[in-house]
Amino acid sequence: MISPTNVVLGAASGMGAATAALLAPRGRLLLADLDATKLSEVAAALGGDVDTIVCDVTRQVDVDALVEATGTLGALVVTAGLSPSMARGQMIYDVNLIGAERVVRAFESIVAAGSAAVVFASMAGHLVTADPDIDAILDEPDAADLFDRLDAAGLDSDEPGFAYALSKRGVVRLVQRHASAWGAKGGRILSLSPGIIDTGMGQLEASNEPAMATMVETSPLARMAAAEEVAKVAAFLVSEDASFMTATDVLVDGGCVAVTGGIR
Ligand SMILES: NC(=O)c1ccc[n+]([C@@H]2O[C@H](COP(=O)([O-])OP(=O)(O)OC[C@H]3O[C@@H](n4cnc5c(N)ncnc54)[C@H](O)[C@@H]3O)[C@@H](O)[C@H]2O)c1
């Protein structure tokens, strides 16, 4: 039997790199990211049975090549993403939501008994008010008229803040939609919603949005998390210890959403 490959997509930095370090002792590891230089640095620091492949989640050809390079799927952790300070809204949907759908669909073809995926969403997705009409649009991420439909619903699809929160809400929903197909092959799939985490992305957003400091201060743990604290949860979720967990979102936010008042 060919031994399965564990994949981290978004492995070049932050929580992806931290998760890669935890999965490295578990067998063959394939690290993917858009950023070739940082990806090689992360892989070199880990050593062992680690391969890298450059992959842009907005490109179907890249995602198909990643699936091909994986072979038999063990764990899949998708941390690749853009935050509001990094791009315009439509680009954020393209990476966070349309890209996630592309990756989950492509990997579905190689799900086997014991495969497990975690796709990173965000606490931001828990803080938007539920609207069935918007959810119906988010539930068809690869519709050619996605942006027109969002605009027609009164949302500016190119506004980065909305795009971030809604794309992440869409990720939570897409995992739930795909879970039965994964389950039919013996696989599991979950989303993980981090709170405010001390990575390059977290620091960038905190420096551009002063309200985030208040959110941290008023949260039950009153601090940001280290990337490793979230990576440990991702590593647990793709392990056999989480064998009855699928089709759900795991919020790792130090209690932020509970005190801010999000979706219950
Ligand atoms: N840091 C936070 O506070 C925070 C909070 C909530 C959710 N998140 C989510 O967690 C995930 C990881 O965040 P992080 O803080 O580790 O961020 P990060 O910026 O350190 O890492 C994200 C990685 O995604 C890669 N990437 C970006 N666009 C890509 C593309 N098109 N194709 C492939 N790779 C691409 C980047 O090169 C980078 O290595 C993201 O999805 C983010 O939205 C982060």
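# A predicted model: its ligand shell, sheet and helix packing

Q: How many residues surround the ligand?
A: In this predicted model, the closest residues to the ligand are Gly14, Ala80, Gly81, Thr199 and Gly202. The elements that give two or more residues to this shell are helix H1 (14–23), helix H4 (89–108) and helix H8 (200–208). By class, the shell has 14 nonpolar, 13 polar and 3 charged residues. Counted in full, the residues that surround the ligand number 30.

Q: Which strands stand at the edges of the open sheet, and why is one side of each left without a neighbour?
A: The open sheet has 7 strands, which pair in parallel in the order E3-E2-E1-E4-E5-E6-E9. A strand with a single partner strand has one side without a neighbour in the sheet, and this is so for the two that stand at the edges, strand E3 (50–54) and strand E9 (249–252).

Q: Which residue in E2 is the bridge partner of Val7?
A: Strand E1, of residues 5–9, and strand E2, of residues 29–33, pair in the parallel sense, and 4 bridges join them. For Val7, the bridge partner in E2 is Leu30.

Q: At about what angle to E6 does helix H7 run?
A: Helix H7, which covers residues 160–184, lies across strand E5 (116–120), strand E6 (188–194) and E9. Its direction, set against that of E6, gives an angle of about 165 degrees.

Q: Are H1 and H10 parallel or oblique to each other?
A: The axes of H1 and helix H10 (residues 227–237) come within 8 Å and cross at roughly 55 degrees. Angles under 35 degrees count as roughly parallel, and 65 to 115 as roughly perpendicular, with the rest, apart from those over 145, as oblique. H1 and H10 are therefore oblique.

Q: What is the handedness of the crossing where H1 passes H10, and how many nonpolar residues does their contact have?
A: H1 passes H10 in a crossing that is right-handed. The residues that make the contact include Gly14, Met15 and Ala18 of H1, and Ala227, Glu228 and Val230 of H10. Alongside 2 polar and 2 charged residues, the number of nonpolar residues in this contact is 9.

Q: Which residues of H4 do Gln60, Val63, Asp64 and Val67 in H3 meet?
A: Helix H3, of residues 60–70, packs with H4 at an angle of about 35 degrees, their axes being 10 Å apart, and the crossing of H3 and H4 is right-handed. By class, the contact has 5 nonpolar, 1 polar and 2 charged residues. On the H4 side, the residues met are Arg102, Val103, Ala106 and Phe107.

Key. Residues numbered from 1 in each chain as written. Predicted model: local features only at pLDDT ≥ 70, side-chain atom pairs only at ≥ 80, totals over all residues. Pairing = 2+ DSSP bridges. Contact = placed C-beta atoms within 7 Å. Axes fitted to C-alpha atoms, helices over the stretch in contact; angles between N-to-C directions. Near = placed C-beta within 6 Å. Nonpolar A, V, L, I, M, F, W, Y, C, P; charged D, E, K, R; others polar. Left-handed = near helix turned anticlockwise from the far one by under 90°.
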